[in-house]
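Please consider the structure shown below. The paragraphs that follow lead through it step by step.

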Amino acid sequence: MKYYIIAGEASGDLHGSNLMKALMNKDPQAEIRFWGGDLMKAQGGTLVKHYRDLAFMGFLEVAMNLRTILNNIKFCKEDIQKHKPDILILIDYPGFNLRIARFAKELGIKVVYYISPQLWAWKEGRVEIIKKYVDEMMVILPFEEDFYRKHGVHSHFVGHPLLDAIGGLSDISIEGFKKENHLNEKEIIALLPGSRKQEVEKMLEIMLSVRPHFKNYQFVIAGAPSLPKEFYQKYVDDNVHFVSNRTYDLLRCSKAALVTSGTATLETALLNIPEVVCYRGSKISYAIAKRLVKNIKYISLVNLIMDREVVKELIQADLNTKNLVEELNKMIEGEKRNQVLADYSLLREKLGGKGASEKAAEIVLSLNNSN
């Protein structure tokens, strides 16, 4: 079987790598070409483009890089036409992937969507595109199945693949981790500023502003695999450290975390680390997004899934040093910390059990067998 997978971001690379592993176990003859990252590359197959060349953040950045984006779409279509896969698997990244879905479907290629775009938050009209050009929709959030059913789209809730990724971790020694990464004996506050250069620069500045209020802790930045180590050096000093490609280990060794809104908020929760969710975009991008997003009370996956505030979200003007200090203190000790940890247990129950990647692979294979 020939598969073509498109993941345009770091989270898609993680989920894509687990899906590739499951596909290869079930289909030893699998030939896979993909757009993704280092995690997918480690599974084998042929990397066509790395997601670091695809990720543009915010409306302004997309507009400024429109020529590059359109060239990538053109190249992708040509590559698919040349290699003629049996099945196209799209992972989130809707602005790009929905265009490719239509193209592939018109070529007679079966199209599977894994990790639904957040159409329930905005651009709900795109559901009609999915209904027309996607053969199977596999969702990972429990409320998404109801959303698609309401629109007449058949979907499968396969569970969340992060439960697989995190459930398979081996035990870790906090002291060993500190020694290996040249950290001191203080307890750790993890900083997860995102994966894009523009985003990281903006978020680290405000996150690090809390340092004078937490002198008994050391701060450790989780480096994004898409950014070079040198990029982070200007932020590092005696009490601010940097760890690359060890985000899960860093979180497991931390007392609390400051996390930029995105998949990382859910990863942090599933690793049982109390967190404060942070987000600040450009004023123009945020104003546009606020007009487009409807009926959504939260930005973090943790709160969206639970449909209530479990973790504090500091957004735009609310993301300031005073509020960060106040909320981070609550995550370090006290009643609020204990409540967050209790809610995390309920969150895991709501997401179902392990096996999302295996279930997704079975659906992909059954689609081919239906020919």
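In this predicted model, the C-alpha centres of domain 1 and domain 2 are separated by 27 Å. The domain assignment places residues 2-159 together with 355-367 in domain 1, and residues 167-351 in domain 2. Domain 1 is thus described by two stretches of the chain, 2-159 and 355-367.

A helix pair gives a convenient entry into the packing. Two packed helices are described by the angle between their axes and the distance between the axes. Helix α13, covering residues 263-270, packs against helix α17, covering residues 335-350, at an angle of about 110° and with 9 Å between the axes. Because angles of 65 to 115 degrees count as roughly perpendicular, α13 and α17 are described as roughly perpendicular to each other. On the α13 side the contact is made by Leu266, Ala269 and Leu270, and on the α17 side by Tyr344, Leu347 and Arg348. Sorted by class, the residues of this contact are five nonpolar, no polar and one charged.

Leucine 347 deserves a separate look. This residue belongs to helix α17 and has a relative accessibility of 0%, so it counts as buried. Beyond its neighbours within four places in sequence, leucine 347 is in contact with Leu266, Ala269 and Leu270, and also with Val302, Ile305 and Met306. Between leucine 347 and glycine 152 there are 28 Å from C-alpha to C-alpha, with a sequence separation of 195 residues.

Attention now turns to histidine 160, which is located in the loop between β7 and α8, the latter spanning residues 162-167. Is histidine 160 buried or exposed? Its relative accessible area is 2%, and buried means under 20%, so histidine 160 is buried. Leaving out residues within four places in sequence, its contacts are His15, Ile140, Leu141, Leu266, Leu351 and Ala356. Among these contacts of histidine 160 is Leu266, a residue that also takes part in the contact of α13 with α17. The C-alpha atoms of histidine 160 and threonine 263 lie 11 Å apart, while the two residues are 103 positions apart in sequence.

Serine 155 is placed in strand β7, which runs over residues 155-157. With a relative accessible area of 6%, serine 155 is buried. Its contacts, not counting neighbours within four places in sequence, are Met137, Val139, Glu145 and Tyr148.

Two asparagines in loops that involve β10 can be read together. Asparagine 239 is in the loop between α11 (229-232) and β10, and asparagine 245 is in the loop between β10 (240-244) and α12 (247-252). Asparagine 239 has a relative accessible area of 19% and is buried, whereas asparagine 245, at 54% relative accessibility, counts as exposed. The cut-offs explain these assignments, because buried means under 20% and exposed means over 50%. Asparagine 239 touches Asn184, Lys186, Tyr217, Gln218 and Phe219, leaving aside residues up to four places away in sequence. Under that exclusion of neighbours within four places, asparagine 245 is in contact with Gly223 and Pro225. The C-alpha atom of asparagine 245 is also 7.5 Å from that of alanine 222, a residue 23 places away along the chain.

Backbone geometry adds a further topic. Most residues other than glycine have a negative phi, and most peptide bonds are trans. Lysine 84 nevertheless has a positive phi, near 45°. This lysine 84 lies in the loop between α4 (66-83) and β4 (87-91) and, at 57% relative accessibility, counts as exposed. Asparagine 272 is likewise not a glycine and has a positive phi of about 70°. Asparagine 272 is found in the loop between α13 and β12 (275-279). Its relative accessible area is 33%, and asparagine 272 is therefore partly exposed.

Finally, the cysteines may be considered. How many disulfides does the structure hold? The structure holds zero. Cysteine 76 is buried, at a relative accessible area of 0%, and cysteine 253 also counts as buried, at 5% relative accessibility.

Conventions. Residues numbered from 1 in each chain as written. Predicted model: local features only at pLDDT ≥ 70, side-chain atom pairs only at ≥ 80, totals over all residues. Heavy atoms only, no water. Disulfide = S-S within 2.5 Å. Buried < 20%, exposed > 50% of the residue type's maximum accessible area, 1.4 Å probe, protein only. Domains from an automatic or database assignment. Axes fitted to C-alpha atoms, helices over the stretch in contact; angles between N-to-C directions. Helix = DSSP H or I, 4+ residues; strand = E, 2+ residues; numbered from the N terminus. Parallel < 35°, antiparallel > 145°, perpendicular 65-115°, else oblique. Contact = heavy atoms within 4.5 Å. Nonpolar A, V, L, I, M, F, W, Y, C, P; charged D, E, K, R; others polar.
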